[in-house]
Amino acid sequence: STTLQVDEINVNGLQADVRGQVLFNPAEPPAGLVSLAIVAYDERGQPAGVAKWEFAGDPLPASGVPFQATVFSLGPEIARVEVFAEAVPLLIPESTAPE
């Protein structure tokens, strides 16, 4: 399970800067990749822009991964931003011990 901690969203007209931290549940298998989708919406709630942020590791640190990203509008001014996270577990090869 992944927890997303967004520390700051700074909207400035046609762009928004987002900063925060992706935290991992230590009881879950270690993650090897984390992907964020940063979606900007206009005042009517329609998508105005999207950005993707990824970080890979072998494995990712259990303490979490800081992120900073910018999303740009495709036209209308940005009214709000949402951030979505997905973590992919690290693939650990199965033991090849003889049976």
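# Close-up views of a six-stranded chain

**View 1. E3 and E6 side by side.** Strands E3 and E6 are antiparallel partners, joined over ten bridges. The model shown here is a predicted one. E3 spans residues 31–41, while E6 covers residues 80–89. Two bridge pairs make handy landmarks for finding your way along this pairing. Val-34 faces Ala-87 of E6, and Leu-36 has Ala-85 of E6 as its bridge partner. Strands of a sheet pair through backbone hydrogen bonds, in a parallel or an antiparallel manner.

**View 2. The open sheet E4-E3-E6.** Widening the frame from E3 and E6 brings in E4, and the three strands make an open sheet in the order E4-E3-E6, with antiparallel pairing. E4 and E6 are the edge strands here, each pairing on one side only. From one strand to the next, the twist averages 15 degrees. E3 is also mostly covered, with nine of its eleven residues buried.

**View 3. The hairpin of E3 and E4.** Here we follow E3 around its turn into E4. The two strands run antiparallel and are joined by nine bridges. Tyr-41 stands opposite Pro-47 of E4. Five residues lie between the strands of this hairpin. What sign does phi have at Gly-45 in the turn? The phi of Gly-45 is positive, about 85 degrees.

**View 4. The open sheet E1-E2-E5.** A second group of strands can be viewed in the order E1-E2-E5: these three form an open sheet with antiparallel pairing. E1 and E5 stand at its edges with a single partner strand each, so one side of each has no neighbour in the sheet. Neighbouring strands in this sheet are turned against each other by 20 degrees on average, direction ignored.

**View 5. The hairpin of E1 and E2.** Strand E1, residues 2–12, runs antiparallel to E2, and ten bridges join the two. At one pair in this ladder, Thr-2 stands opposite Phe-24 of E2. The hairpin has two residues between its strands, and Gly-13 adopts a positive phi near 70 degrees. If you are checking backbone torsions, Gly-13 in this hairpin and Gly-45 in the turn between E3 and E4 are good places to pause.

**View 6. The nonpolar core.** Next we look at side chains. The largest nonpolar core has 19 residues, and the members touching the most others are Phe-24, Leu-36, Ile-38, Trp-53 and Val-81. Strands E2 (15–24), E3 (31–41), E4 (47–56), E5 (65–72) and E6 (80–89) each contribute at least two residues to this core. Which strand gives the most? That is E3, with five residues.

**View 7. The surroundings of Val-81.** Val-81 is one of the core members that touch the most others. Setting aside neighbours within four places in sequence, Val-81 is in contact with Ile-9, Val-11, Ala-16, Val-18, Ile-38, Val-39 and Ala-40.

**View 8. The loop between E4 and E5.** Two residues deserve a close look in this loop: Pro-59 is found there, and so is Leu-60. Asp-58 and Pro-59 are linked by a cis peptide bond, with omega about -5 degrees. Is Leu-60 buried or exposed? With a relative accessible area of 5%, against a cut-off of under 20%, Leu-60 is buried. Beyond its neighbours within four places in sequence, Leu-60 is in contact with Phe-24, Ala-31, Gly-32, Leu-33, Val-34, Phe-55 and Val-65. Pro-30 lies 30 residues away along the chain, yet its C-alpha atom is 6.8 Å from that of Leu-60.

**View 9. The chain as a whole.** Stepping back, we find six strands and zero helices, and the elements run β-β-β-β-β-β from the N terminus. The radius of gyration is 17 Å, well over the 13 Å given by the globule rule for 99 residues, so the chain is more spread out than a compact globule. Taken along the principal axes, the C-alpha atoms fill a box of roughly 60 × 20 × 15 Å. Buried residues account for 30% of the 99. The accessible surface comes to about 6500 Å², with 52% belonging to carbon and sulfur atoms. Among contacts between residues at least 6 apart in sequence, 64% join residues at least 24 apart.

Note on methods:
Residues numbered from 1 in each chain as written. Predicted model: local features only at pLDDT ≥ 70, side-chain atom pairs only at ≥ 80, totals over all residues. Heavy atoms only, no water. Core = buried A, V, L, I, M, F, W, Y, C linked by side-chain atoms within 4.5 Å. Buried < 20%, exposed > 50% of the residue type's maximum accessible area, 1.4 Å probe, protein only. Helix = DSSP H or I, 4+ residues; strand = E, 2+ residues; numbered from the N terminus. Contact = heavy atoms within 4.5 Å. Pairing = 2+ DSSP bridges. Axes fitted to C-alpha atoms, helices over the stretch in contact; angles between N-to-C directions. Rg over C-alpha atoms; globule rule 2.2 N^0.38 Å. Areas by Shrake-Rupley, 256 points an atom, 1.4 Å probe, with all protein chains shown as cover.
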